[in-house]
Amino acid sequence: MSKTLSRIASVASVAALAGSITVIAGQNASADSVNWDAVAACESGGNWGTNTRNGYQGGLQFSSSTWNAYGGGQYASSANQASRDQQIAVAEKVLAGQGIGAWPVCGANAGSAGSYTSTNTGGTAASTSNAASSTTRSTARTESTYTPARAASTGGSYTVQSGDTLSTIAAAHGTTWQALYAANKSNITDANLIYAGETLNV
């Protein structure tokens, strides 16, 4: 009787081990299938060299603390100075440690099958006045409290919420950040800087 129980336990152990190997392989496949260009298109307009002086840099908008905690310092002192491939190498580590929720809004694009145009893939320090960078966070954004753009108003206007960007607002209203910026040039002097409480035409 005890030999039978031992054999059952051994078979169960082997099955459990096989199951864990399958899970690990599945997690790796999931990480490999992330479309980082899609996430970057949402986070930074695909500009891998952006630094808008808001505390977040690079195509995937790393904070300095996250960049350094996950080994980014081996490539460059800030993410915007690293290449696209180097930023993705760090992003894979963040993904393994925190999951896709580390990009609370744009991570939803991780499974996109689309192709996206990228700029500054070699890593450059972009100017804060570069209007092509679409993802400056409002000054009140923090990684832990960021919430997606909400349709808080109707009638063609939207009140900027803490953590909004032109990209996230545009996506929520079915337009592009460029069109949103053009529609609000009289109120927005810098496409990289919006403030909570501002009302935009959408």
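**Exercise 1.** In this predicted model, determine whether cysteine 42 is buried or exposed.

*Solution.* The relative accessible area of cysteine 42 is 14%. Buried means under 20%, so cysteine 42 is buried.

**Exercise 2.** Find the partner of cysteine 42 in a disulfide, and describe the link.

*Solution.* Step one: apply the cut-off, a pair of cysteine sulfur atoms within 2.5 Å. By this rule there is one disulfide. Step two: the S to S distance between cysteine 42 and cysteine 106 is 2.0 Å, and the two are joined. Step three: the angle about the S-S bond is -65°, and the link is left-handed. Step four: place both ends. Cysteine 42 belongs to helix α2 (residues 36-44), while cysteine 106 sits in the loop between α4 (84-98) and β3 (157-159), so the disulfide ties together parts 64 residues apart in sequence. Step five: check the partner for burial. Cysteine 106 has 1% relative accessibility and counts as buried.

**Exercise 3.** Describe the largest pocket: its space, its lining residues and the helices that supply them.

*Solution.* Step one: the largest pocket holds about 160 Å³ of space. Step two: list the lining, which consists of Ala41, Cys42, Gly45, Ser167, Ala170, Ala171, Thr175, Thr176, Trp177 and Gln178. Cys42, the disulfide cysteine of α2, is one of these residues. Step three: assign helices. At least two lining residues come from each of α2, α5 (166-172) and α6 (177-183). The largest share, three residues, is supplied by α5. Step four: sort the lining by character. Five residues are nonpolar, five are polar and none is charged.

Terms used
Residues numbered from 1 in each chain as written. Predicted model: local features only at pLDDT ≥ 70, side-chain atom pairs only at ≥ 80, totals over all residues. Heavy atoms only, no water. Helix = DSSP H or I, 4+ residues; strand = E, 2+ residues; numbered from the N terminus. Buried < 20%, exposed > 50% of the residue type's maximum accessible area, 1.4 Å probe, protein only. 1 Å grid on protein atoms, 1.4 Å probe; cavity = no way out; pocket = protein on both sides within 12 Å on 5 of 7 lines; lining within 4 Å. Points joined across faces, edges and corners; volume = space filled by probe spheres on them. Nonpolar A, V, L, I, M, F, W, Y, C, P; charged D, E, K, R; others polar.
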